[in-house]
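I opened this entry to keep track of what I looked up. The structure goes in first, then my notes.

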Number of protein chains: 2
Amino acid sequence: MRNREETFKKILETAYIMFADKGFDKTSLSMIASEVGISKPAIYYYFKSKDELIEYLFDEICKEIELGNTFDYSDMTKTNLKHKLLAIGYQSIDEQKSDVHFNKIFNQYMLLASRDEKYMTRLLDIQAGYLKSYHDLFSYAVEIGAISDTNIETKAHMLAMVIDNIGNFMLTGSKLDYKGIWKEAIESVLREQPL
Amino acid sequence: MRNREETFKKILETAYIMFADKGFDKTSLSMIASEVGISKPAIYYYFKSKDELIEYLFDEICKEIELGNTFDYSDMTKTNLKHKLLAIGYQSIDEQKSDVHFNKIFNQYMLLASRDEKYMTRLLDIQAGYLKSYHDLFSYAVEIGAISDTNIETKAHMLAMVIDNIGNFMLTGSKLDYKGIWKEAIESVLREQPL
DNA sequence: GTCTATATTTTGATAGAC
DNA sequence: GTCTATCAAAATATAGAC
């Protein structure tokens, strides 16, 4: 016997994992119910349709991303910029390892978005915020004189592309030197153009 | 009235587009048949199941990728290396624009792969070949003395990450300066470390 | 809140005529 | 080769009892 809140949470957690592992379409409400330990109609007490469950999960994931979408660079200095950037990527890589489900389910929402504007607008927002967080960091680095201000937006986008795709590659199980790749990306970007 | 070969081809083309647009699960054989202009059972004359159709399409796509997975750098010189690299990325970006379906369907196979080893092994092969093609190009550049040989594998992987993810970002419809990002990636990588 | 029972729809797939 | 007719399975969703 569980109360409303506990069951609700359990459904969300179970759906998150099963949707990630098997995909939205290959995960039926019966399967989720069975895994949660309730009957299928019980799910309809909490969500009025499967699509609503999928959408609710999407909202939760979006909120969590938006929370972690900014960097703390209050203690950034001319000398520790490179260290800061390295740490950002390394942390992202480590997080990837600890939550294997996130990227799988997120990629499914990306596909959903290409067919449903409701998802698309939200994802574009997140993407823009994601790119902006790198740009803001570089702007600050320029402000404190840590780097020159040439092409900082493009550089920021380039780094975002690298770390984002590292996540995709990790999903496939390829054993590459991801931290090395990130380090190379940072060092490349920070190398100043010789005149 | 069509002959066997024509109908077969039409089914494949139609399935490719519909699977990309709506997804494997949301595209039924009835819908494909209707679009092709035949009845659903007619499809079973050519493919013994929906899964087989999906798999056949996968094989075709893989073959095509493998064909375009190598670069021609026979005419590479010390002075045109940067131009060569730029051209490779620009071409990839332009191709992306002309075939909007490719990345959509390919991402679905990536998800399939995470649940089916048959797809995974093939995709890992392709991925490895993809990364290797960049590595080989850099090795050749070292050979002809166009660049130093420090970290060339990592650099190659970094570039591959960038151009590959540009494709993903383009899929979302984000209007970024993709060619600028690629140019920045190339210039960053080619900048030699000051001693 | 959760259940059993059931309605409804759709899908993948087959049988068999032409 | 393609069709009509049909099957069996599975899914979403609802009704109504407890």
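**Charges over rings**

I found the charged end of A:Lys179 over the ring of A:Tyr90, 5.4 Å from the ring centre. The rule I used asks for NZ of Lys or CZ of Arg within 6 Å of the ring centre and within 35 degrees of the ring normal. In chain B, I noted B:Lys179 over the face of B:Tyr90, at 5.4 Å from the ring centre.

**Ground rules**

I am working from a predicted model, in which local features need pLDDT of at least 70 and side-chain atom pairs count only at pLDDT 80 or more, while totals for chains, interfaces and linings use all residues. Residues are numbered from 1 along each chain as its sequence is written, chains are lettered from A and ligands numbered from 1 in the order in which they are written, and side-chain values use heavy atoms, without hydrogens and water.

**DNA strand C**

I looked up which residues are near DNA strand C (a heavy atom within 4 Å of it). There are 17, and the closest are A:Arg4, A:Ser39, A:Tyr46, B:Tyr44 and B:Lys50. By class I noted 8 nonpolar (Ala, Val, Leu, Ile, Met, Phe, Trp, Tyr, Cys, Pro), 5 polar (the others, Gly among them) and 4 charged (Asp, Glu, Lys, Arg). Helix α3 of chain A gives the largest share, 4 residues. Of the strand's atoms within 4 Å of the protein, 58% belong to sugar or phosphate and the rest to bases.

I then checked polar contacts to phosphate oxygens (N or O pairs within 3.5 Å). A polar side-chain atom of A:Tyr46 lies 2.6 Å from one. For a side-chain N or O atom of B:Lys50 the distance is 2.6 Å, and for a polar backbone atom of B:Leu29 it is 3.0 Å.

**Aromatic pairs**

I counted ring pairs of Phe, Tyr and Trp (its six-membered ring) with centres within 6.5 Å; planes under 30 degrees apart are stacked, over 60 edge-to-face, the rest tilted. The count is 28 over all chains. A:Phe8 and A:Tyr56 have centres 5.5 Å apart and planes at 80°, so I logged the pair as edge-to-face. A:Phe8 is in helix α1 and A:Tyr56 in helix α4 (residues 50-67) of chain A, 48 residues apart.

B:Phe47 and B:Tyr56 are also edge-to-face, at 5.7 Å and 70°. I looked up burial too (buried under 20% relative accessible area, exposed over 50%, partly exposed in between; 1.4 Å probe, protein chains only). B:Phe47 is buried at 2%, and B:Tyr56 is partly exposed at 33%.

Terms used:
Polar contact = N/O pair within 3.5 Å; in protein donor to acceptor, adjacent residues only side chain to side chain. Helix = DSSP H or I, 4+ residues; strand = E, 2+ residues; numbered from the N terminus.
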